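Here are a few friendly notes to read alongside the model. Keep the 3D view open and find each element as you go.

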Amino acid sequence: MGATLKAVIFDFGGVLAEEGFREGLLSIGRKNGLDPLRFFQTADRLIYETGYLTGRADEATFWNALRRTTGIGGSDRELRTEILTRFVLRPAMISGAQRLRSTGLAVAILSDQTNWLDEINAGTPFFGHFDAVFNSFRIHKSKRDPSVFRDVCTNLNIRPGEALFVDDNIDHIERASKEGLHVIHFRDFQSFREQLEKFVDLQ
């Protein structure tokens with residue numbers, strides 16, 4: 001199976017970095033006396049419905065919608081800081097991607113992120129370790145749309161069956177699998193390495 005693989009496509013938050021979006025929103029919910037999980041689910045829905053996730057609206061539109069819906073306080077800057085400071089890169093994963101790239105595989109990022117991804121890269125550069133970065137905010141399509149997986153493969157000039165997609169979100173994993181990509185549901189680094197060895201000879 002490894003011989004047919006041409007690219008490994010990584011999610012960002014929860015895979016290449018700590019999951020800052022979820023953890024930041026849970027913190028905001030707690031600080032505002034709200035049920036953290038319910039608040040996160042509301043924010044996750046609104047970031048998509050407002051169009052901010054796919055670059056069709058700006059950040060202020062998202063935060064204003066979230067304030068109206070939930071009653072939270074805080075400036076845009078205060079709220080975004082809760083999220084951005086929690087996106088901490090995982091050195092082992094970045095190094096792992098570099099190692100895969102050194103074997104001749106293409107490595108890419110496919111992230112449901114906003115312009116925040118660019119800001120994170122500006123502060124701690126990591127884009128340069130990857131052959132391509134596909135960000136929902138820039139490509140105007142998120143992983144909630146299954147066609148994005150084929151779009152990415154087309155852009156990389158490969159067939160879906162030649163790609164391995166790694167994500168911590170089981171819904172995205174299931175969509176990618178149905179589109180024909182090989183998948184690894186990321187849970188932790190050790191289990192990721194064990195599953196990766198089924199596709200790539202790391203010796």
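Which residue of S5 does Val-166 stand opposite? Try to spot the pair in the view, then check point 3. Please remember throughout that this is a predicted model.

1. **The sheet.** Start with the five strands, which form an open sheet in the order S3-S2-S1-S4-S5, with parallel pairing. Strand S3 (132–135) and strand S5 (182–185) are at the edges and have a single partner strand each, so one side of each is left without a neighbour in the sheet. From one strand to the next, the twist averages 20 degrees.

2. **Strand S1 and its partners.** S1 (residues 7–10) runs parallel to S2 (residues 106–111), and four bridges join them. Ala-7 is a handy residue to follow here: its bridge partner in S2 is Ala-106, and its bridge partner in S4 is Ala-163. S1 and S4 also run parallel, joined by four bridges.

3. **The S4 and S5 pair.** These two strands pair in the parallel sense over four bridges. Here is the reply to the opening puzzle: Val-166 stands opposite Ile-184 in S5.

4. **How S4 is covered.** Five of the five residues of S4 are buried. Ala-163, Phe-165 and Asp-167 lie on one side, Leu-164 and Val-166 on the other, and both faces are covered.

5. **The largest nonpolar core.** This core has 48 residues, of which Phe-10, Phe-12 and Leu-25 touch the most other members. Helix H2 (residues 36–49) gives the most to the core, with five residues. Try selecting Phe-10: beyond its neighbours within four places in sequence, its contacts include Val-15, Met-93, Leu-100, Ile-109, Phe-130, Val-166 and Phe-192. Another core lies apart from the largest one; it has 17 residues, including Phe-149, Cys-153, Ala-163 and Phe-165.

6. **Two packed helices.** Two packed helices are described by the angle between their axes and the distance between the axes. For helix H3 (residues 59–70) and helix H4 (residues 76–84), the angle is about 95 degrees and the axes are 11 Å apart. That makes H3 roughly perpendicular to H4. The contact is made by Glu-59, Ala-60, Trp-63 and Arg-67 of H3, together with Asp-76, Leu-79, Arg-80 and Ile-83 of H4. Sorted by class, this contact has four nonpolar, no polar and four charged residues.

Key:
Residues numbered from 1 in each chain as written. Predicted model: local features only at pLDDT ≥ 70, side-chain atom pairs only at ≥ 80, totals over all residues. Heavy atoms only, no water. Pairing = 2+ DSSP bridges. Axes fitted to C-alpha atoms, helices over the stretch in contact; angles between N-to-C directions. Parallel < 35°, antiparallel > 145°, perpendicular 65-115°, else oblique. Contact = heavy atoms within 4.5 Å. Nonpolar A, V, L, I, M, F, W, Y, C, P; charged D, E, K, R; others polar. Core = buried A, V, L, I, M, F, W, Y, C linked by side-chain atoms within 4.5 Å. Buried < 20%, exposed > 50% of the residue type's maximum accessible area, 1.4 Å probe, protein only.
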